[in-house]
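Reader: Hey, got a minute to walk me through this one? I'd like the overall picture before I poke at individual residues.

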Amino acid sequence: MKAVGSLLKIGVCALMFLLVASVEMLGQGTASLHASVANPSGTRVGGALVVLTNEASGAVLKSVTGPDGTFDLMGLEAGSYDLAITMHGFEDYQQKGITIKDGQTTSFQVMVVTKSVAESVTVTAQASPETSVTQATISRKEIEGVAGPFGSAAQALTAAPGVFVYGYGGVAATARSEVVVRGMKAGWSSVNGDVLRNAVTFLFDGIPMNNLTSNNGQWSTTQIPIMDMISNINVDYGPGAPSNRWYDSIGGTANYIPSQPTLTPDASIALGTDYGSYNTTITHFIANSGLHKGWSALLAAGYAANDTFRVGTTGIPTFNAPSSGYSAFFKVEHPFQNGTFSIGYYHSRNTEFRPNFIPLVAITPDFSNSQSPGNNDAVTTTGLYGTDQVPLPNTNQTPLPANAQYYSQATSGFYSSLAHDVWYKHIKTQSDILYSKLNLALSPRLTMTSDTWFRHGYRLHDRVVNFYGPGSGNQEEWYNPTSNMIGNNTHLALELPHDQVTLGGYWIHQGYQNPVAQYNLALGTTRTSPNSFNADHLYNDFGFLFLQDRIELLKKRLIITPAAAEQLFRTAYFNTGLVKFPNANPANDGQQAPSTTKNFLKFSPSVGVQYQAMDWFTVHGNYAITYENPTDGAFGANRATIGVDVSKLEATKAANGEGGFTVTKCPLAILGACSLDATYFHNELSNVSVVTQTAQQTTPASYALAGAIYNGVSINFDNTPSKYFQIHGNAIIQHDYFTTYLPSGSTVNYRGYPISNNPKYTTNLGITSDIQSANHKIDLTPGLWWQYVSYRYLFTNVTNAPTLQTTPGYGVVNFNMDASLNGLLPEWFEKKPLKISFGVENLLNREYNPLAYITSGGYFGTSFGGYTLVDPGAPREYIISLNFGNK
């Protein structure tokens, strides 16, 4: 209660300040202006500075477009106004003589023209004009440039500097992946060794999608299986300013902005279909009603399906591991006199058969050492083999079963996988988000925004493993976590002559259930009476309250953004194993940790500075201290009584700082248009509880207490030497290491060891062009990209620790080309452009392994560990797309 009281006191004091400061401004006008800002491709432009000037009085009102590209100016007096919009990378927009009438809302759309550099397909990370935090905006065109027409929500993020992705499904949108932003990770991780598994917050239209407490799977890329309905993605690096910060934003925030209702009266529809390798098919549509009687609605939906590129093994029928996903989005928006109100609903569901890991080299029995009889196991394409076999006379070999071979990339094939009747894992994910957004003018200079939402999350893992033989007690696995979340995020912004003061915060409540059962029907155990089980129920309340000031000095060339925030984390953990499985043997409960509760209240200061030294040269920097709640494993989920002492458990602390510069002018005119951005970043983590889980659910999760430092340099450039082609690139070089890493029960501290699975450097280089026919009826935009990820250090489950062993780096070349046809089709097509896209992922058909770790033996059930398991990346893939209408 003390924590809640402190938050309330701060909020009441700050609210009184804002209300008193703005009372003299109330009731000055009854008109309003609502508009959206987009580029020529239809992508909404967030973060643009809007200035509205009354031609008669000279009074000036300012605003900044939100993530959805919209802005509202309320309480206007009737008259004629001039509008100016500025945003880096776009030509300045000006419109004079806008007539505003009493008691009416004027609504329209603004198109800002991209500069030649901004038309590129590489995103430049630079300081936000609003908060001095490094940000990047990925447009629809840029998404297609790096992810192709069928790329996943994770793959699309690799357009942003310092972001790379790894997973088991290639770029397919129906497979889960982990996202790495400057070394900080989030998403579905298939390997251990991450310092934090939930260090990035993912938003849909500004609404959080992250589970509040899950150690793994707090967000899945399959929650957005249809990227065609996403118009752009906004990425904040690091925790960001409090006005954009969320509970998992230590490493960054990614906001997926869907297509939005239009403010023009014209209705529209866009259709598209994609076909490609491995039976890939995607269809989608986006229908917009236009503005009618004060309301505008949008409906979008799509379906995606594909098979795996894992090809099976010799002599065994290939299991195609089909995957599919669909999503639907509906939003209705109503602009009114003093603001706008909208309601949205998003639904997605994905189902997939996940391919299994594969040993890097063959795991064969070894009978040469009579003192180590446990090393007689073999991993084969028909199952675990060798422990009970007798070697052939005068040899150390045992005969393999008929139609079997050693299962590894070296023996059964680089992309080989096990047959369906030997091993399969069926995964379903579902997400439902119902939300409302209110933008309201309380006075000409005081505005309020308020988002309220409900989110339901569902995941099912149904795994059948005949690999261990009929006597295995854990032949089948049923894992079915669900969550329900409600929340509200409200901000008040006061415009003063030289600064903007913002007060706001969020309150979120979530309930999360996490049951797991393993059984074997042939041995008499079932899902309700399993051989091994565990279950828990967690309730979380997260509160966040901040006060932020954006101060403009030296004719707006110097911007300082100081802020302070209070973070509240409340967790109640209940061990519900015997409640969920009342018919099970209590001795089989693998989760013995007692029920407990824990609260944290933390103060989080921050400051950002941005100085425009010249029109083409800007320097920026920011520093923030922020906190994150430990995940469910730290409180007792999936582990026995041996574990973290909850009374000593601390919230993870991050001290994040960065500084850099942006250049938007080439030193020599012959080089054409160009831009360059360089940023140094340093993020220090402490009080981290690292939870390690193995493939064998009967083995409780272990943990380590850790601290870590992430630091490096990010460089981004964009050059247009001629009107025929552009050169783009970004690179990041970083040094990430543990300041402490002490596994549970160990006296060995791995201080100074590199953080596992983090590349030393990544690079993204590309060349694009825009070629038009002489009559302008055909427009071709080809692009060639090279993405490189350097070597990474492996984590070992044998000692639950990082290692100095590495896995090789890899480079992948991708090609894509769009062809827009104008004037070559029947007349009724003319108003609805037709675009044909062709893409090739991994053009050179490079073999590489994005995922690797050292197993303790539990994955394949061997009685020994120490060998490497990998997941291969996808081979060459082709796809062609047809899109009709605006996209």
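**Rings, cores and a few odd residues**

Author: Sure, and let me start with a ring residue: at 27% relative accessibility, Tyr753 is partly exposed. Keep in mind that this is a predicted model.

Reader: What does Tyr753 pair with, and in what geometry?

Author: The search of the whole structure turns up 38 aromatic pairs. One of them joins Tyr753 to Tyr750, edge-to-face, with 5.2 Å centre to centre and 85 degrees between the planes.

Reader: Why does that count as edge-to-face?

Author: Because planes over 60 degrees apart get that label, and here the angle is 85 degrees.

Reader: And Tyr750, buried or exposed?

Author: Tyr750 is buried, at 13% relative accessible area. Its partner Tyr753 is partly exposed.

Reader: Which residues make up the ring cluster?

Author: Trp246, Tyr247, Trp453, Tyr506, Phe542, Phe544, Phe546 and Phe569 are linked by ring pairs.

Reader: Where does the charged end of Arg176 sit?

Author: Over the ring of Trp188, 3.9 Å from the ring centre.

Reader: OK, switching to confidence. What's the average pLDDT?

Author: The average is 83, and 86% of the residues score at least 70.

Reader: Where does pLDDT stay under 50?

Author: Residues 16-27 are one such stretch, and the model gives that stretch 16 contacts beyond four places in sequence. Residues 387-392 are another, with eleven contacts of that kind.

Reader: Now the fold. How many helices and strands are there?

Author: Five helices and 49 strands.

Reader: And how much of the protein is buried?

Author: Of its 887 residues, 61% count as buried. The exposed surface comes to about 32600 Å², with carbon and sulfur atoms supplying 60% of that area.

Reader: What about contacts between residues at least 24 apart in sequence?

Author: Take the contacts between residues at least 6 apart in sequence: 69% of those join residues at least 24 apart.

Reader: How many residues are in the largest nonpolar core?

Author: That core has 71 residues, and Leu157, Phe202, Ile233 and Tyr256 have the most contacts inside it. Apart from it lies another core of 31 residues, which includes Val379, Tyr468, Val812 and Ala852.

Reader: Back to Leu157. What is Leu157 in contact with?

Author: Setting aside neighbours within four places in sequence, Leu157 contacts Ile138, Val163, Val179, Phe202, Ile233, Val235, Ala254 and Tyr256. Phe202, Ile233 and Tyr256 also appear with Leu157 among the residues that have the most contacts inside the core.

Reader: New topic: strand β40. Which residues does it span?

Author: Strand β40 covers residues 761-769. Tyr761 is in β40, and so is Ser769.

Reader: Is Ser769 buried or exposed?

Author: Ser769 is buried, with a relative accessible area of 14%. Not counting residues up to four places away in sequence, Ser769 touches Tyr724, Phe725, Gln726, Leu780, Thr781 and Pro782.

Reader: And what does Tyr761 touch?

Author: Beyond its neighbours within four places in sequence, Tyr761 is in contact with Ile732, Ile733, Tyr788, Val789 and Ser790. Tyr761 is partly exposed, at 33% relative accessible area. Between Tyr761 and Gly809 there are 9.6 Å from C-alpha to C-alpha, and these two are 48 residues apart in sequence.

Reader: I always check backbone angles. Which residues other than glycine have a positive phi?

Author: Ala321 is one of them, with phi near 50 degrees. Asn687 is another, with phi near 60 degrees.

Reader: Where do Ala321 and Asn687 lie?

Author: Ala321 is in the loop between β19 (295-306) and β20 (323-336), whereas Asn687 lies in strand β37, residues 673-692. Ala321 is buried, at 6% relative accessible area. Asn687 is partly exposed, at 39%.

Reader: Last one, Asn376. Which loop holds Asn376?

Author: The loop between β22 (358-359) and β23 (378-380). At 8% relative accessibility, Asn376 is buried.

Reader: Why does 8% make Asn376 buried?

Author: Because anything under 20% relative accessible area counts as buried.

Reader: And how far is Asn376 from Pro365?

Author: They are 4.0 Å apart in space, C-alpha to C-alpha, and eleven residues apart in sequence.

Methods. Residues are numbered from 1 along each chain as its sequence is written. This is a predicted model: local features need pLDDT of at least 70, side-chain atom pairs count only at pLDDT 80 or more; totals for chains, interfaces and linings use all residues. Side-chain values use heavy atoms; hydrogens and water are left out. Rings of Phe, Tyr and Trp (its six-membered ring) pair if their centres lie within 6.5 Å; planes under 30 degrees apart count as stacked, over 60 as edge-to-face and the rest as tilted. Buried means under 20% relative accessible area, exposed over 50%, partly exposed in between (1.4 Å probe, protein chains only). A charge sits over a ring if NZ of Lys or CZ of Arg is within 6 Å of the ring centre and within 35 degrees of the ring normal. A nonpolar core is a set of buried Ala, Val, Leu, Ile, Met, Phe, Trp, Tyr and Cys residues joined through side-chain atoms within 4.5 Å. Contact means heavy atoms within 4.5 Å. Helices (H or I, at least four residues) and strands (E, at least two) are DSSP runs, numbered from the N terminus. Accessible areas come from the Shrake-Rupley method with a 1.4 Å probe; for residues, only the protein chains shown count as cover. pLDDT is the predictor's confidence in each residue, from 0 to 100.
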